[in-house]
Amino acid sequence: MTPSTKLIGILLGGIGTLAIYSFLYKENRFYRLFEHIFIGVATGWLVVTTFRDFLFPKFLTPLWERGFTGLVFRLNAGAFEGQGAAGEFVKRVADASWYPTQYLWLIPAMFGCLYYTIYSRRHNWMARLVIGFGIGIGGGAAFEGFFSEYLPQIFAAFRPLLVFKSGGGIDVNLSVLNLVITLSMLSTMIYFLFTIDRHKFNLESTASAGRLLMMVSFGAVFGSTVTARLALLIERLQFLVYKWSIAWVDLYHLFAGGGPPNGV
Amino acid sequence: MLTPPIISASWGVVILSTLIVVPSLVFIALARRKKFIPPVRRIRGVDMVDEAIGRSIEMGRPMVMTVGSPGIGPLLLAVMGIMGHIARAAAKFRQRFFVPQNDVTVMALVSEYLNEVYRDAGRPELFRMEMTPYLSDQQFSYASGYMGLVHREKAGACFLIGSFAAESLILAEAGQQIGAMQVSGTVDYSQIPFLITSTDYTLVGEEVYAAGAYLSDDPVQKGSVAGQDAAKAVLIALFLTGVIWATIATIWHRDETPQVKSYDVSLSQVVYPPPKDEGENK
Amino acid sequence: MTKYRLIVLVTFLGGLYFFFRFFLPPHYGGDYLISKQTWVSQVLNVMGAVAVGLGVINIGMVYGRRVVRKEKEWPESLALLIAFVTTLVFGFGDMVYRDQNTIWNAVYEDIIFSGIFTSLGTAVFSLLAFYITQAAFRAFRVRSTEAALIMASALLIMLGALPIPVLENVIPVWLGEFRTWILTGVNVGVQRAVLLGAGTAGLIMAVRMWFSLDRSAFGGRGAGA
Amino acid sequence: MTPDTPRRTVLDFIANLDRRFVYFLTAVVMLIPIVSKLEFRPPMMLQAEKLFNYVEDLAREPNKRVVMISLDWGPQTAPELRPATLAFLKHVMYRRIPVVVLTLLNDGRGFTEVVPPEAAKVVEDARRAEGVPANEIEVLYGRDWINLGYRFGFSDAIRGMAGNLIEYVRSDTKRKPLEEYEIMRNVKGADSFSLMVEVTGSVGIFPAWLQWFKQTRTMRFALGCTSISVPESYTYLDSGQLVGLFEGITGAAAYERLLSERLGLSPSRDTFQAMTTQMFGQGLIVLLVIVGNVAYFMLQRRKARESTT
């Protein structure tokens with residue numbers, strides 16, 4: 001009469017959900033317990049996925065199969081020399097799996113391991129090498145990032161202030177829309193000038209208009225995000241009301257004898 | 001028509017990046033030689049950061065800062081200017097200071113940096129590993145850990161400056177619930193409204209960079225703020241040209257296309273010519 | 001000083017590939033560098049992946065110390081460490097018996113992943129529904145012009161999107177129009193300005209950090225400005 | 001003075017509701033429709049109707065071309081995006097338009113195997129109720145729909161599929177070569193499709209589809225998105241790059257209403273309920289903001305009056 005792992009998972013999930021919600025009233029031990037468990041699981045999950053999806057298939061396995069095995073066979077090839085079939089086999093494996101270049105992958109790995117020197121008082125400058133390397137990458141890659149992200153934005157701002165209908169005549173709606181977009185963009189940009197004396201250039205009113213327009217669009221973003229945020233709670237409530245409560249019934253039936261009625 | 005993806009730089013991009021980068025290099029060089037240190041407008045966020053530090057020290061409650069998940073990049077370095085300022089105050093007044101982490105490489109960088117700040121402040125013994133607790137790289141387990149930390153330590157001031165996703169409101173409300181003074185700042189557009197509603201002051205977009213420059217008191221950083229302004233002046237000029245160009249083009253071609261915009265404006269094709277293999281599909 | 005120079009040099013070297021990949025003309029090496037993309041990202045991935053232990057060391061030190069010294073919250077810290085080790089054990093079990101139906105897979109998938117990891121994640125995420133309600137109630141007050149504007153625009157957008165069938169013909173059409181106008185008009189312009197401003201500042205910051213220009217930069221010359 | 005006192009406390013109470021009270025109110029209000037299984041009829045949405053009509057037009061073509069749907073969402077956006085996916089699949093399956101299902105997200109892998117059979121079941125039930133001959137009831141895997149599973153590499157994958165789908169993908173989730181399936185007989189690249197529906201909560205995936213899965217005169221796009229990205233999607237509607245749009249749960253519910261009213265398919269309870277619940281929550285927020293402001297305003301006025309007297 002052991003409950004299935006699925007059932008345990010649902011039960012635990014519901015208890016955890018309630019633990020998280022108990023925070024809404026007050027920080028408490030129940031919440032604290034699940035908070036810590038969550039952090040533990042999430043860290044473990046990170047380690048497992050790093051190994052499973054990357055280190056094993058992309059780094060360790062090739063190193064083992066193509067580098068290490070070959071090396072072992074090669075070093076021992078001398079001992080088997082002239083021993084007929086076995087010697088032939090060893091030699092063949094040694095040749096086939098000997099890729100010295102595979103060892104080059106150890107260089108980035110070792111370099112990455114320099115991160116661990118932050119725990120040493122004397123050698124922690126070495127961690128700065130690899131951290132600095134990362135900073136350099138951030139710096140060099142920024143150009144490509146900037147232009148691929150913002151160049152379309154720059155072009156998209158090229159909007160005509162006069163738009164015509166396809167039949168002829170001016171499309172007032174679109175023209176005004178383009179004007180609004182252009183003006184709100186320019187005034188916001190002017191708000192963000194930090195070294196120019198606003199007073200001297202008479203930009204005070206433009207800048208404050210920029211700030212007010214910013215508030216209008218922040219309100220709009222808030223308003224249009226609300227529904228999405230509610231959707232998550234709906235999912236959790238449905239889970240608690242429908243799935244979780246039934247899981248308890250299943251558990252009860254399991255111990256009271258008889259199979260689970262819902263077959264979870 | 002949509003803009004084609006950008007794979008490598010064209011001459012237009014080279015010119016544009018020169019126009020954006022070179023002015024700030026010039027301003028930085030001038031500031032370094034103390035020839036011209038541009039006046040940076042003191043933004044209110046800077047005062048708020050100082051006020052929050054002062055208040056939490058007065059109350060004897062610790063300070064908590066989160067940078068979200070920016071990864072090692074420009075934003076993180078800018079935020080570290082502000083972090084250094086807070087850490088110096090924390091070291092000086094022996095106040096506890098937490099910077100929970102959700103990325104191992106960022107954690108290495110931040111803890112090295114804090115270590116250094118404390119050493120320079122003459123209090124190396126105050127820096128401990130607990131200052132940068134690792135709360136896993138998962139968005140919401142990080143958020144739950146942060147919530148718990150802020151509540152248990154009864155933080156007096158929270159600084160949420162960096163890059164955030166949906167968790168921003170969870171982080172901000174945690175501090176709000178215990179009455180901590182909060183200063184936030186982000187470049188993530190969709191999170192700004194939530195930070196505004198739940199924190200005492202929000203640094204919007206590039207104010208984060210400017211605040212870092214202001215607090216670090218480094219002439220180089222001030223020069224670079226002036227450079228940013230110059231770069232933006234270039235962009236504004238480009239926009240005005242583009243808008244006028246598009247308007248004229250629309251009036252000119254009004255019989256064929258009702259609205260000439262974005263990539264169709266030949267100005268943008270000067271900056272960014274279409275890739276060759278794309279041509280036949282048009 | 002030599003250490004500092006070395007760090008600056010390594011920082012500079014770090015950025016070279018990505019810089020040249022973008023700026024070299026295709027036929028003068030640009031295409032070649034782009035074709036090496038997978039290889040480079042593999043190298044960077046290896047560097048990042050081996051650092052995963054830093055997090056493990058950190059939680060070991062922070063929470064392990066609490067357990068050993070019986071400081072406050074030590075039972076929870078113990079639970080954290082147990083959860084961590086359990087996840088590791090079953091995770092690697094799941095990895096060894098991949099695509100099979102052993103107890104390792106079942107526990108890892110059903111209990112650890114669906115039961116705890118996903119459930120708690122969604123639960124924390126769904127706190128947003130409570131918080132957004134409270135934040136709207138608390139912050140949307142007509143205290144100043146700015147607050148009034150933020151409130152009015154949020155309220156009108158929410159009303160415009162409220163799918164009440166009874167009110168289908170009651171809610172004026174202009175509300176929907178207003179929504180579209182704000183979202184595709186003002187919002188587009190402001191968003192573009194904010195993003196471009198931050199992007200430009202980021203680009204300049206990136207150049208500064210690539211060349212280690214800052215006096216207070218992270219480079220070994222001391223953080224004190 | 002005495003009769004004034006209770007009113008004041010009520011005003012103060014309303015203007016400064018305790019946060020826990022607001023949380024409690026949220027939970028209660030949103031639990032009402034879930035526990036009582038209350039459902040409202042969703043309102044009509046113009047964009048959903050446009051998409052519906054477009055699919056109906058496709059169904060009238062003599063040689064029905066294949067439709068593609070990409071489920072680029074994971075567990076965290078599932079509450080909003082699963083209903084849209086389900087509604088669309090029900091429609092095309094009912095109209096016997098062959099559909100190709102795939103995902104570009106690792107998280108979406110599980111859903112590509114669960115959602116289409118669910119839709120198929122609803123369609124089969126509806127056909128049974130209509131008295132369709134027994135051999136035409138079933139929605140067949142391999143003829144009416146196919147699951148390509150998780151495709152790694154975002155824009156690389158899109159580019160590959162746009163060129164030659166069968167050569168790029170090679171096999172489905174059952175690890176059988178695609179050539180063996182009837183549905184793939186006339187499929188080559190992007191041109192063979194009549195409609196590409198992208199359902200996603202992430203930014204940046206749809207633009208990649210637009211850019212690389214070339215929009216030809218006969219191939220059109222539709223989008224299902226979370227309500228967060230609705231504003232961005234409007235720009236694509238504006239430029240005519242989309243034939244229709246699912247705006248979060250509401251859009252999906254409107255689509256379900258069309259399905260049930262025009263085709264007689266039984267609507268998905270979960271979708272209607274989620275929409276109703278969402279409406280309750282949203283209504284509560286609007287109400288709270290209004291009430292809070294009125295109370296605040298009245299308090300301010302009273303304070304002003306008291307300070308003058």
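# A tour of chains A to D

Select chain B, which splits into domain 1 (44–217) and domain 2 (225–274). This is a predicted model. Measure between the C-alpha centres of domain 1 and domain 2 of chain B, and the distance is 40 Å.

**Chain B against chain C**

Keep chain B on screen and add chain C. Pick out helix 6 (residues 168–177) of chain B and helix 6 (residues 103–139) of chain C, whose axes come within 9 Å and cross at roughly 60°. An angle in neither the parallel, antiparallel nor perpendicular range counts as oblique, and helix 6 of chain B and helix 6 of chain C are therefore oblique to each other. Their crossing is left-handed.

Now show side chains at this crossing. Helix 6 of chain B brings B:L169, B:I170 and B:E173 to the contact. From helix 6 of chain C come C:V124, C:L127, C:L128, C:Y131, C:I132 and C:A135. By class, the residues of this contact are eight nonpolar, no polar and one charged.

**Chain A against chain C**

Hide chain B and bring in chain A, with chain C still shown. Chain A puts 93 residues into its contact with chain C, and chain C puts in 99 residues. On the side of chain A, the elements that give two or more residues are helix 1 (5–22), helix 2 (29–80), helix 4 (106–113), helix 5 (124–156), helix 6 (172–191) and helix 8 (204–256). Colour helix 2 of chain A separately: with 22 residues, helix 2 gives the most to this side. The side of chain A that touches chain C holds 57 nonpolar, 26 polar and 10 charged residues.

Next, colour chain A by domain. There is domain 1 (1–98), domain 2 (114–156) and domain 3 (160–264). The centres of domain 2 and domain 3 of chain A, taken over C-alpha atoms, are separated by 31 Å.

**Chain D and its sheet**

Move to chain D, which is divided into domain 1 (11–37 + 283–308) and domain 2 (46–267). Domain 1 of chain D is thus written as two segments, 11–37 and 283–308. Between the C-alpha centres of domain 1 and domain 2 of chain D there are 43 Å.

Select the strands of chain D next. Six of them form an open sheet with parallel pairing, in the order 3-2-1-4-5-6. At the edges are strand 3 (145–150) and strand 6 (242–247) of chain D, each paired on one side only. On average, and with direction ignored, neighbouring strands of this sheet are turned by 15° against each other.

Zoom in on one pair. Strand 4 (residues 193–200) and strand 5 (residues 220–225) of chain D pair in the parallel sense over six bridges. Here D:M196 stands opposite D:F221 of strand 5.

Which strands does helix 4 of chain D touch as it packs on the sheet? Helix 4 touches strand 1 (66–72), strand 2 (99–103), strand 3, strand 4, strand 5 and strand 6 of chain D, and its direction makes about 165° with that of strand 1. Helix 5 (residues 109–130) of chain D also packs on the sheet, touching strand 1, strand 2 and strand 3. The direction of helix 5 makes about 165° with that of strand 3 of chain D.

**Chain D against chain A**

For the last stop, show chains D and A together. Their contact takes 21 residues from chain D and 16 residues from chain A. On the side of chain D, two or more residues come from each of helix 2 (19–36), helix 4 (78–94), helix 9 (230–238), helix 10 (248–263) and helix 11 (269–308). Helix 4 of chain D, which packs on the sheet, is one of these. The residues of this side of chain D are 12 nonpolar, seven polar and two charged.

How values were computed
Residues numbered from 1 in each chain as written. Chains lettered and ligands numbered in written order. Predicted model: local features only at pLDDT ≥ 70, side-chain atom pairs only at ≥ 80, totals over all residues. Contact = placed C-beta atoms within 7 Å. Helix = DSSP H or I, 4+ residues; strand = E, 2+ residues; numbered from the N terminus. Nonpolar A, V, L, I, M, F, W, Y, C, P; charged D, E, K, R; others polar. Axes fitted to C-alpha atoms, helices over the stretch in contact; angles between N-to-C directions. Parallel < 35°, antiparallel > 145°, perpendicular 65-115°, else oblique. Left-handed = near helix turned anticlockwise from the far one by under 90°. Pairing = 2+ DSSP bridges. Domains from an automatic or database assignment.
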